[in-house]
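Here are some exercises to work through with the sequence and the structure side by side. Try each task yourself before reading its solution.

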Amino acid sequence: MADPQRDARHAARMARKKEIIDAAIAAATDERGLLIVITGNGKGKSTSAFGTIARALGHAMKVGVVQFIKSRTDTGEEAFLGKQPGVEWHVTGDGFTWDTQDREQDIATAQRGWAIATRMLADPSYQLVVLDELTYLLSYGYLDSDSVLDALAHRPAEQHVIVTGRGASDALIDLADTVSIIADEKHAYRAGIKAQPGIDL
Ligand code: ATP
Ligand code: MG
């Protein structure tokens with residue numbers, strides 16, 4: 001129902017809100033590469049990073065990806081994003097620790113993956129670097145946390161980095177510019193539904 005008074009109050013409220021939002025936008029003038037950490041137990045960490053890759057490619061940015069832990073190379077993300085011009089995609093894992101059951105091998109694999117990551121983190125031509133599931137290598141102690149934080153902190157100034165994985169350390173969270181902790185409210189897996197192509201892989 002028409003309510004001119006209510007409409008006028010709404011317009012005035014929105015005008016005030018716009019002033020506040022415009023001021024905040026005007027105050028945010030810095031421009032530099034961001035470190036983004038997507039952690040927590042809920043689903044959506046890696047897929048968030050993959051969505052950002054699509055966004056970056058829309059701006060013709062060069063993207064480097066290292067997928068730690070994972071061994072499968074039949075994922076939808078690799079089949080599609082890994083084939084895009086401007087994307088360099090590495091899958092360096094041997095699988096989960098309970099599959100490999102070999103700590104020495106896991107450490108060697110982690111270090112191989114990290115060597116690729118450090119090369120990217122030292123090269124400003126990569127405008128976005130995604131380090132998928134990196135957190136596990138830190139929590140298992142496969143990589144030296146200080147060296148990892150140091151490489152992240154000293155990367156090229158304009159380079160964006162996304163780190164995904166559960167259990168991000170306080171030090172990594174402190175270093176990051178943007179941190180999202182995805183909560184596990186519900187997951188289809190617990191209702192007995194197996195991993196679905198296009199959704200989970
Ligand atoms: P996604 O790649 O779907 O964004 P994720 O990166 O947040 O998941 P990971 O732990 O890396 O989470 O997930 C690896 C696989 O485990 C994915 O197939 C994902 O759907 C599934 N998964 C993620 N979170 C949960 C959960 N809370 N319970 C069961 N399975 C999960
Ligand atoms: Mg993931």
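**Exercise 1.** In this predicted model, find which residues Gln-67 touches, not counting residues up to four places away in sequence.

*Solution.* Start with the element that holds the residue: Gln-67 belongs to strand β2, which covers residues 63-67. Next, list the contacts, taking heavy atoms within 4.5 Å as the cut-off. With residues up to four places away set aside, Gln-67 touches Phe-50, Glu-77 and Asp-132, together with Trp-89, His-90, Val-91, Thr-92 and Gly-93. Finally, check the accessibility: buried means under 20% relative accessible area, and Gln-67 has 0%, so Gln-67 counts as buried.

**Exercise 2.** Work out which residues coordinate the magnesium ion (ligand 2), and decide whether Ser-46 is buried or exposed.

*Solution.* Begin with the donors: Ser-46 contributes its OG atom and Glu-133 its OE atom, at 2.1 Å. Then place both residues in the chain. Ser-46 sits in helix α2 (residues 45-58), while Glu-133 is in the loop between β4 (128-132) and α6 (134-139); the pair therefore ties together parts that are 87 residues apart in sequence. For the last step, compare each value with the 20% limit for buried residues. Ser-46 has a relative accessible area of 11%, so it is buried. Glu-133 is at 10% relative accessibility and so counts as buried too.

**Exercise 3.** Describe the surroundings of ligand 1: which residues come nearest, and how much of its area does the protein bury?

*Solution.* First look at the shell. There are 14 residues around ligand 1, and Lys-43, Gly-44, Lys-45, Thr-47 and Asp-200 come nearest. Sorted by character, the shell has 7 charged, 6 polar and 1 nonpolar residues.

Now pick out polar contacts:

- A polar backbone atom of Lys-45 is 2.7 Å from an oxygen atom of ligand 1.
- For a polar backbone atom of Ser-46, the distance to an oxygen atom of ligand 1 is 2.8 Å.
- A nitrogen atom of ligand 1 has a polar side-chain atom of Asp-184 at 3.3 Å.

To finish, turn to the area: ligand 1 taken alone exposes 570 Å², of which the protein buries 84%. Notice that Ser-46 appears here through its backbone and in the magnesium site through OG.

**Exercise 4.** Locate His-187 and find what it is in contact with, leaving aside its neighbours within four places in sequence.

*Solution.* Step one is position: His-187 lies in the segment after β6 (178-181). Step two is contacts: beyond those sequence neighbours, His-187 is in contact with Lys-43 and Asp-200. Both of these partners are among the residues that come nearest to ligand 1. Step three is polar contacts: the His-187 side chain reaches the backbone nitrogen of Tyr-189 at 3.0 Å. Step four is accessibility: with 26% relative accessible area, His-187 is partly exposed. As a last check on distance, Gln-159 is 28 residues from His-187 along the chain, and their C-alpha atoms are separated by 33 Å.

**Exercise 5.** Step back to the whole chain: how many helices and strands are there, and what share of the residues counts as buried?

*Solution.* Count the elements first: the chain has 8 helices and 6 strands. Read from the N terminus on, they run α-β-α-β-α-β-α-α-β-α-α-β-α-β. Then take burial: 37% of the 201 residues count as buried. Lastly, consider contacts with a separation of 6 or more: 76% of them are between residues 24 or more positions apart.

How values were computed: Residues numbered from 1 in each chain as written. Chains lettered and ligands numbered in written order. Predicted model: local features only at pLDDT ≥ 70, side-chain atom pairs only at ≥ 80, totals over all residues. Heavy atoms only, no water. Near = heavy atom within 4 Å. Polar contact = N/O pair within 3.5 Å; in protein donor to acceptor, adjacent residues only side chain to side chain. Areas by Shrake-Rupley, 256 points an atom, 1.4 Å probe, with all protein chains shown as cover. Nonpolar A, V, L, I, M, F, W, Y, C, P; charged D, E, K, R; others polar. Donors = N, O, S within 2.8 Å, 3.2 Å for Na, K, Ca; no water. Helix = DSSP H or I, 4+ residues; strand = E, 2+ residues; numbered from the N terminus. Buried < 20%, exposed > 50% of the residue type's maximum accessible area, 1.4 Å probe, protein only.
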